[in-house]
Amino acid sequence: MSRTNKYTPRLLSSVIAAVVASGASSYSNAQDQGLLEEVVVTGIRGAQEQSIDIKRNSDEVVDAITSEDIGKLPDSTIADSLQRVTGIQIQRSAGQGGVVSIRGSNEVLTTLNGELFLTAQNILNSNADYQDIPASLISGVVVSKSSNAKQLEGGIGGTVDLQTRRSLMLDEGVTSVARLQASTGSITETTDPEVNGLIGFNNDDRYGMSLAFAYADQSLASNQTQTRAGVQNRADALMMMNWDGPVSTNFITERERVGLSYNFNAQLSDSLELNIDSFYNSMDEKSAGNMFQFDLDSVGWDYGRMQPEGVRSAGDVPVAQGAYATGWTADMNSAIRAGVSSNFRETSAVNNSVELKFDNGGNFTGSVRYISSQATRDADVLTLVQRPSSPGENGLFDDRGYVYNLEGDYRQVNPGYLGGNYTTTFLTHDDGVTWEFGPTFAQEMTDSSAWYIHSSWLEGERHTANLDVLRADGTYRFGNDGITSMDFGIRESTRGIERDSHHYFMPTGITAYDPADMQPYDMLVKYHEAGYVYGTGQGNDGTSGTYLVETPEGSLVELKEIGLEPVRGLNLDDSALQGYIHQVSDFGETVKSFNSSLPMINVDRIDNNLTFIDDIYDADHVRKNRPDQSYVIDEDRQSLYFKFNFYKDLTSFVTLSGNAGVRRVTDTLTIKQNVYDSNRLGRDVFAGSDPNHTYYVDSGDKYTTVTHSSFLPSLNANVSFGDDYKIKVSYDERTSLQALDQFGQGTFTSWQSEQVDPNTGNRYQAISEVRLGGNPNLQPWSAKVYNVAGEWYPSDNALIGLTAFYMDIGGFTEEVRTTDLTLPDSDGVVRRGGTVIELRNGSNASVEGVELSYQQSFDFLPGFMSNTGMTWNYTYSPSTREGVTFAADGEDVPFNATAEDQSNLVLWYSSDLFELRAAANYLGPRYNGTQTAAIQSDDESVLGGLPVWDEETLYVDLNAVYHMNDAIDVTLNFQNLTEEGANKYMHWKNFRQEYNAFERRISVGVSAKF
C-alpha cells in the first residue's frame, strides 16, 4: 500500500520542534518511598532488579516494569510491555497491543504520574487502551492489584500508573539521547521509520528541564476471514448453518504516532519543589483494504460433514475444520459481494500538570496539584460494496443485469452480467480458508463491466473530552512505631465529553412531494443505494413508498408507479472510476487459495474519503447528524480520603506494617440525550423505514441528572520476616463508572424487508427489534477485592511470589432481550411485535485465582552464565457469572473476556558488550461472548447461543543490543517471531468462526548519547 501524505507536514513539524527543544517529564508515586533513587539502572539486569525493589518496598500488591535506560522500553506500545506482567492480558489491533485487562477485568484505571490520564482512546470508558501512546516516552509502569485510600477510584481490575522522568533525576549538565530505527513486516514488507530521544539539562540539582520526543510511521497488516457459522439443532445431530456467509478481508493499517513529554523541575527553596509536566500524544491512522463475501441468504448451500475421529454419534461436534460447503444456483452471482473499506482516524490528547510540594523536614508535608487535559478523536468510515446483479430484483432488471431509469433515461448498468449455473467451494482449514470457483465463473468475475457499485456508505463521528482536576494532599508524621503517619486529601474534578455522530448523503436532483402536506423536498439518498432505494420513502405517517414526483407531462404520481430510480448506477468500468480500478486476487494471509481476480477500487488512491466519493459521483455531499448516537455528558466528582500508615516490631525478626483508610466519592452526571421518534425518519431521504439508510428527526433535548456516592474502605497489612520474607494481606472496595456511551446512546429500531398487507394492499416494513441504547440510570461497577500474597526475596535480584485473590464484582451491564407483542410495524399496525434489547445492571460475578512469579539474576553461576537471568510467571484466573450457564452444554459462563491460563517466560543475557532477551507470552482459550442466533433460551439463568472463544496463543519476541561503546548502541528486535495469529472458534475447537493473521515485525536501530 502506498503512503498517504495527508498528515505528514503536521507530524514532521512536531518532531522537528521536539528535537530542537528538549524533553521528558516525570513524577512517580514510587518516589514517595524513595525507591527509584536507590537503584542505578544498567541494562536488562538493572531494570529487573529495580522492578523487584519496587515490589518489595510497596505496602500494596503491585508489579512493575522499568525502562533499561532513557527511551528503552523494548516494545511499540505500552500494552506490548504490559502483557508480560503477571495477571495482565491484552487484545491486539493490527497485531499491536491495545486494550489491557487485569485479572480478567477490562475496567482498568490508567493514571499518569499518579493522576488521571485522559487519552483519545479512553474518552468514553475506563478501559486501558494504549495504541496511541509511544512506549519510549515512559520510564516505568506500576500495576496496582490492591488499593489504598490515596489511590484514585475507577479500576475494577486494578490501576496502571504510567511514569515519566523528572529532570532533576538526570545527570548534572546536558543530557542528549537519540534513537533511529527502521522496521518492516513479513506481510507489508515496507520500511517504516521511527525516531525518539530526549534533550534535557540539570543545573546543579536546583532546576532542570527536559523534552522527550517520539515519532513512528508504521504499516501493519490485518488479515481476517470470518466464517460467520452458527448451528441449528436438527433431529439427531447439530448441523452447521450460515446466515450472512463467509467474508475475507485484507487490510493494511498505517499509523503515524507523535509523542512529546515536557518537564520542568525546580527546587525553589529548601522546602518547596515545583514540578510542571506536559504530555502530548497523537495518532493518525488509515486502515483500508479489500473484502470478498458470499451472502448465503441468497443461495442454496450443501454443507459436507467429515468424521476425523471415526463414526459420529448424535451430540458429537460438527466439524468445520476441513468441512466443505458447495453452493449452486442459476443466479450464483447474486450471492457475491465484494468491496473496499477506507477508515481514517485522528486522535490527540494533551495532559498538563502543575504541582507544588512542601517539605521543610518537619512532621507535615503536603502538595497542591492542578491537572488540565483535552482529547479529541475523529473518525470517518467509507464502505463501497460492489456486486453483479440478477434479473427480476425489484422489477428493475432485464435478463442482462441492472437497468436504471433517471427521469426517462434508461441505461444498462452491468452489461457483463454474470449468468449461468455455477459452483463455488469454500473450505476451512487449520490456518485459513480456500475459495474455489468453477473456471468459467472465475474468468467472468474478472470483467469490470460485470460489476456495479451497489452501495457506498460514508459515516463519521467526533469525540471531544476535557478534564480539570484540583487536589490537595498532606501527610502528618507521628513517629516510627505504631501509627507512624496519616495521609489525607481532597480532590475535585470536572469532565465533559461530547459525541457527534453523522453520516453523508448525496442529492438526487429529484423534487418529491409528501402527500401529507404537499411540501416539496429536494430528495437525498445515502451514498449510494442503487436498486435498494427504488420507490421508497418515509412520510409523516411512518409509511413507506408515499412520495409523489412530477412526470414529464406535469402530473404528480407515486414514485413506484413510474419506476423511477433516484440515483445513477455506477459501473466499475465507468469513466468516473478511471485510474482507481485494479485487479485483486490477494485477500490476505488467511486465504490460502483464491482462483480468480476481481476488479476493485484501489484504496491506496483514496487520501480523503469525502473528496473521493464526491468526485466519483460528481455531487456535493450533505451531512446529517445522527441524534440517536450523539450526546453530551458532564461529570462532577468530589472525593476525600484518610489513610493511616502503621509499623510495629512484633519481635526482633518479625515486623507488621501497612495502611488502612477510607475514600469517599460523590459523582454527579448530567446526561444530554436527543429526543426523537424512533418511527419517524428524515423524509427528505429515499430509504424507506430503515434508519440504516436515512436518519431520525431530532425533536429536542432531554437532560437527566444522576448522583452516585461510594464509601471505599481499604486495608493493606504486611508481615515481614527479616528482609527476605513477606506476607501481604489486603482488602479493598472499588467502583467504576459504566462506559459513557451506555448512558447517552438512544433507541435504534431495525426493520425487515418491505411487505404488502394482504387485507389492505398497503406496503409496510415489519419491525424486527428495538435496541433501547443508553440507560442513564445504570449503577456503577462495584467490587470487593481480597489478596493474600507470599513473597520471598532470596537476594537483592531474586523474587519468588505466590498470590491468591478473589474479586466479588457487581454492577456490570448485560443485554437483556424480551419479546414485545405490542410493537407496531412501520405503518403503525401491530402484527407480530418484535424483540426489545436493553441494558441492565448485572450482579454476582466473580474472578478468583492464583499468581506465581519467579525472577532471578543468575550472577552466582560461573563464567558467562553469571550474566544471565529469567522471569517466569503463571496466572490461573477462572471467572463466573454466578447462576448463569451456557445453553449449549450447561457449563458456567465466564465473566468478561478472560483466559483462565496465562504464562510468561523471559530469558536474558546482559554483559558490558551485548544484551539479549527472549520473551514468550502464552494465553489459553479466552471467552469472547456468544453467537446468540444459534440456540435460543427464555430462561434468564441460561445464556442462549454458542460461546465464542479465542484460541490459545503463544507470542514470542526477541530483543538484542550491541554496545559499540559507552555512547552508541545497535539494536535488533523481532516482534511476533513465529507470526502467531488470533483465531476464534464456536464452542468446539474445530468449529472455526474467525481467522486473524498478524505479521512478524523486524526492526533495526541505533541509539546515541551525546
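Biologist: Why is Arg 345 counted as buried?

Modeller: This is a predicted model, and in it Arg 345 has a relative accessibility of 15%; because buried means under 20% relative accessible area, Arg 345 counts as buried.

Biologist: What makes the contact between Arg 345 and Glu 285 a salt bridge?

Modeller: The closest N and O atoms of Arg 345 and Glu 285 are 3.0 Å apart, and since the rule asks for a side-chain nitrogen of Lys or Arg within 4 Å of a carboxyl oxygen of Asp or Glu, the pair is a salt bridge. The two residues come from distant parts of the chain, with Arg 345 in strand E18 and Glu 285 in strand E15, 60 residues apart.

Biologist: Is Glu 285 buried or exposed, and how do you know?

Modeller: Glu 285 has 8% relative accessibility, and because the limit for buried is under 20%, Glu 285 counts as buried.

Biologist: Why is Arg 462 called partly exposed?

Modeller: Its relative accessibility is 36%, and because partly exposed lies between the limits of 20% and 50%, Arg 462 counts as partly exposed. Arg 462 forms a salt bridge with Asp 378, where the closest N and O atoms are 2.5 Å apart, and this pair joins strand E25 to strand E19 across 84 residues of the chain. Asp 378 is also partly exposed, with a relative accessible area of 23%.

Biologist: How do you know that Arg 817 and Glu 769 still qualify as a salt bridge?

Modeller: Their closest N and O atoms are 3.9 Å apart, and because the cut-off is within 4 Å, the pair is counted as a salt bridge. Arg 817 lies in strand E42 and Glu 769 in strand E39, 48 residues apart, while Arg 817 itself is partly exposed at 43% relative accessibility. Elsewhere, salt bridges with shared partners join Lys 55, Asp 63, Arg 103, Lys 145, Lys 728, Glu 791 and Glu 851 into one network, and the search of the whole structure finds 43 salt bridges.

Biologist: What makes the pair of Phe 587 and Phe 594 tilted?

Modeller: The ring centres are 4.7 Å apart and the planes meet at 50°; because planes under 30 degrees apart count as stacked and those over 60 as edge-to-face, the pair of Phe 587 and Phe 594 is tilted. Both residues are buried, and ring pairs link them with Phe 292, Trp 435, Phe 437 and Phe 441 into a cluster.

Biologist: Which residues have the most contacts inside the largest nonpolar core?

Modeller: They are Phe 292, Trp 435, Phe 437, Leu 598, Ile 601 and Phe 612, in a core of 42 residues. Helix H5, residues 609–617, gives the most to this core, with 4 residues. Phe 612 touches residues that include Leu 382, Leu 384 and Tyr 580, and a second, separate core of 27 residues includes Ala 79, Phe 117, Ala 135 and Val 143.

Biologist: Why is Phe 644 called partly exposed?

Modeller: Phe 644 has a relative accessible area of 35%, and because this lies between the limits of 20% and 50%, Phe 644 is partly exposed. Phe 644 belongs to a nonpolar patch on the surface, whose members, among them Phe 364, Tyr 476 and Leu 640, have about 730 Å² of accessible area together. Phe 644 lies in strand E34, which gives the most to the patch, with 3 residues.

Note on methods. Residues are numbered from 1 along each chain as its sequence is written. This is a predicted model: local features need pLDDT of at least 70, side-chain atom pairs count only at pLDDT 80 or more; totals for chains, interfaces and linings use all residues. Side-chain values use heavy atoms; hydrogens and water are left out. Patches are made of residues with over 30% relative accessible area and no salt bridge: like charges are joined within 9 Å, nonpolar side chains (Val, Leu, Ile, Met, Phe, Trp, Tyr) within 5 Å. Accessible areas come from the Shrake-Rupley method with a 1.4 Å probe; for residues, only the protein chains shown count as cover. Buried means under 20% relative accessible area, exposed over 50%, partly exposed in between (1.4 Å probe, protein chains only). A nonpolar core is a set of buried Ala, Val, Leu, Ile, Met, Phe, Trp, Tyr and Cys residues joined through side-chain atoms within 4.5 Å. Contact means heavy atoms within 4.5 Å. Rings of Phe, Tyr and Trp (its six-membered ring) pair if their centres lie within 6.5 Å; planes under 30 degrees apart count as stacked, over 60 as edge-to-face and the rest as tilted. Lists of a residue's contacts leave out its neighbours within four places in sequence.
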